[in-house]
Amino acid sequence: MDRNERTQFLKEHGIIAIVRADQGGDILIRAIEALVNGGIRCVEVTMTTPGALQCLEQASREFEGANVLLGVGSVLDSETARLAILSGAEYLVCPVTVGETIRMGHRYGVPVLPGAFTPTEIFHAWELGGDLIKVFPATLGGLDYIKAVMAPMPNIPLVPTGGVTVDNLHTFVAAGVAAVGVGTALVSRESLVSEDFEGIKMRARRFAEAYAIAKADSQG
């Protein structure tokens, strides 16, 4: 897929599962497998996770051709962006907006989701070429804030991250967001420590089903 197709894939499937762990290795791979088996098609491994890029390399091999998009999160600079892409990242997610990081992603044909919060930051991230704009931390303003920002800038595709649950997911979809980022509501540190991969799969299934229903409702 090229950059535009990957961006469309993120918007079509709508849920970006964020995997952040205190340790890497096999546990991360099994968590990704559980998410995929539950119906999640977009998974982000954060750079704050030990061995994140090695995990990505392994996951890229295991899920090749499986209709899954694997990305890297917590990308702070262009050097990290390049390493992530060379390790198999198909999209990049950032907590902040850095122009050179966006340019690096685009140089390799990879969509970049820069992080922003205020209307000015969101517009700036969009002007710099962000493919989708991660609104972070969305927990601070919630759905009302997202709606308020979208009203004067409906053309900017927002990805609220933080505070999205399976119970309120439909309200974000109805508001017209491009996608949502979901972390601990899908993959908590506790579930990784206890290796509760069945629980991760079931939560993923509930999110995927809720998104499908919400999307259908929003389209009339």
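Glutamate 100 is partly exposed in this predicted model. Its relative accessible area is 28%. The side chain of glutamate 100 meets that of arginine 103 in a salt bridge, with an N to O distance of 3.2 Å. Arginine 103 also counts as partly exposed, at 44% relative accessibility. Both residues belong to helix H5, which spans residues 99–107. They lie 3 residues apart, so about one helical turn separates them. The pairing extends further. Glu100, Arg103 and Arg107 are linked in a network of salt bridges.

Helix H10 (residues 197–218) holds another pair with this kind of spacing. Glutamate 198 and lysine 201 are 3 residues apart there, about one turn of the helix. Their side chains form a salt bridge at 3.6 Å, N to O. Glutamate 198 is partly exposed, with a relative accessible area of 46%.

A further salt bridge joins the side chains of aspartate 22 and arginine 189, at 3.0 Å from N to O. Aspartate 22 sits in the loop between strand E1 (15–19) and H2, whereas arginine 189 belongs to helix H9 (residues 189–193). The pair therefore ties together parts that are 167 residues apart in sequence. Aspartate 22 is exposed, because its relative accessible area of 54% lies over the 50% cut-off. Arginine 189 has a relative accessible area of 38% and is partly exposed. In total, the model contains 6 salt bridges, among them the three pairs described by distance above. Side chains of opposite charge can pair when their charged atoms come close.

The loop that carries aspartate 22 leads to H2, and the packing of this helix was examined next. Two packed helices are described by the angle between their axes and the distance between the axes. Helix H2 covers residues 26–37, and helix H3 covers residues 52–62. Their axes come within 10 Å and cross at roughly 40°. That angle makes H2 oblique to H3, because angles under 35 degrees would count as roughly parallel and the roughly perpendicular range begins at 65. The crossing of H2 past H3 is right-handed. On the H2 side, the contact is made by Leu28, Ile29, Ile32 and Glu33. H3 contributes Cys55, Gln58, Ala59 and Glu62. By class, the residues of this contact comprise 5 nonpolar, 1 polar and 2 charged.

Definitions and conventions
Residues numbered from 1 in each chain as written. Predicted model: local features only at pLDDT ≥ 70, side-chain atom pairs only at ≥ 80, totals over all residues. Heavy atoms only, no water. Axes fitted to C-alpha atoms, helices over the stretch in contact; angles between N-to-C directions. Helix = DSSP H or I, 4+ residues; strand = E, 2+ residues; numbered from the N terminus. Parallel < 35°, antiparallel > 145°, perpendicular 65-115°, else oblique. Left-handed = near helix turned anticlockwise from the far one by under 90°. Contact = heavy atoms within 4.5 Å. Nonpolar A, V, L, I, M, F, W, Y, C, P; charged D, E, K, R; others polar. Salt bridge = Lys/Arg side-chain N within 4 Å of Asp/Glu carboxyl O. Buried < 20%, exposed > 50% of the residue type's maximum accessible area, 1.4 Å probe, protein only.
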